[in-house]
Amino acid sequence: ELGKRAPRWIRDNEVTMCMKCKEPFNALTRRRHHCRACGHVVCWKCSDYKAHLEYDGNKLNKVCKDCYHVIIGCTDSEEKKRKGILEIESAEVSGNSVICSFLQYMEKSKPWQKAWCVIPKQEALVLYMYGAPQDVKALATIPLLGYTVDDTPKSADLPHSFKLTQSKSVHSFAADNEELKQKWLKIIHLAVKGETPECQNELQVN
């Protein structure tokens with residue numbers, strides 16, 4: 001269907017990095033472009049290709065490298081490199097997750113920051129953190145097995161917060177409300193013991 005119908009455009013605010021080369025977007029130097037074939041948000045380097053698109057009367061349109069190779073019928077062997085653990089697309093794991101939502105995150109003495117957090121069904125013992133729901137590379141992963149959960153916020157913490165600790169490693173999270181916090185804790189309490197949710201109920205939070 002590529003090029004035969006107009007794609008759904010990913011909104012600019014749904015990504016923090018180029019969806020192809022994974023370079024972070026910078027307000028000054030990295031303008032965001034849309035591939036006219038797949039609708040992904042890409043940087044100028046990755047949008048420097050043109051192809052005739054059927055849905056636009058076969059006019060030449062800006063497309064990303066991947067779509068360019070598909071449309072002109074050429075394969076890029078480099079793209080077949082095995083993906084690293086962080087290079088799993090957020091949309092891929094969010095769509096098949098035990099739970100996913102935005103949480104506030106704090107590490108050590110750094111300020112709180114918003115992160116899109118996902119525990120995939122395929123790896124229900126690992127928490128993936130992304131900058132935004134459509135990012136193509138995770139900022140970090142936390143293997144939950146063996147962590148201790150502290151769900152009583154201290155006075156300096158945000159309300160609805162909880163901590164994961166393991167030796168010197170401390171990760172602080174905060175949900176927007178108590179209900180969301182309890183949904184996360186239900187899953188995390190299982191994961192730290194090496195267990196997965198027996199009933200695969202969708203606890204996804206839109």
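Q: How far is the sulfur of C35 from the closest cysteine sulfur?
A: In this predicted model, local features need pLDDT of at least 70 and side-chain atom pairs count only at pLDDT 80 or more, while totals for chains, interfaces and linings use all residues. Residues are numbered from 1 along each chain as its sequence is written, and side-chain values use heavy atoms, with hydrogens and water left out. A disulfide is a pair of cysteine sulfur atoms within 2.5 Å. The closest sulfur to that of C35 sits in C38, too far for a bond, at 3.6 Å.

Q: How many disulfides does a search of the whole structure find?
A: C18 repeats the pattern of a close cysteine without a bond, its sulfur being 3.7 Å from that of C21, which is too far. The search of the whole structure therefore gives no bond for C18, and its total of disulfides is 0.

Q: Is C18 buried or exposed?
A: Buried means under 20% relative accessible area, exposed means over 50%, and partly exposed lies in between (1.4 Å probe, protein chains only). C35 has 0% relative accessibility and counts as buried. The relative accessible area of C18 is 0%, so C18 is buried.

Q: Which residue forms a salt bridge with D66?
A: A salt bridge is a side-chain nitrogen of Lys or Arg within 4 Å of a carboxyl oxygen of Asp or Glu, and the search of the whole structure finds 3. For D66, which is partly exposed at 27%, the closest N and O atoms are 3.3 Å apart. The partner is also partly exposed, at 22%, and the residue in question is K20.

Q: How many residues apart are D66 and K20?
A: Helices (H or I, at least four residues) and strands (E, at least two) are DSSP runs, numbered from the N terminus. D66 lies in helix α1 (residues 65–71), and K20 in the segment before β1 (33–34). The pair links distant parts of the chain, with a separation in residues of 46.

Q: In which helix are E179 and K183 about one helical turn apart?
A: Their side chains meet in a salt bridge of 4.0 Å, N to O. E179 is exposed at 56%, whereas K183 is partly exposed at 28%. The two are 4 residues apart, therefore about one turn, in helix α3 (residues 178–191).

Q: Which strands stand at the edges of the open sheet?
A: Two strands pair if DSSP finds at least two bridges between them. The sheet has 7 strands in the order β8-β7-β6-β5-β11-β10-β9, with antiparallel pairing. Each edge strand has a single partner, so one side is left without a neighbour in the sheet; these strands are β8 and β9 (148–150).

Q: Which residue in β6 stands opposite L103?
A: Strands β5 (residues 97–107) and β6 (residues 113–120) run antiparallel and are joined by 8 bridges. Opposite L103 in β6 is A115.

Q: Which residue's side chain is joined to that of H171 by a polar contact of 3.3 Å?
A: H171 is in strand β11 (residues 169–174) and is buried at 9%. Contact means heavy atoms within 4.5 Å; leaving aside neighbours within four places in sequence, the contacts of H171 include Y105, F162 and L164. A polar contact is a pair of N or O atoms within 3.5 Å; within protein, one must be able to donate a hydrogen and the other to accept it, and residues adjacent in sequence count only if both atoms are side-chain atoms. The side-chain partner of H171 is Y147.
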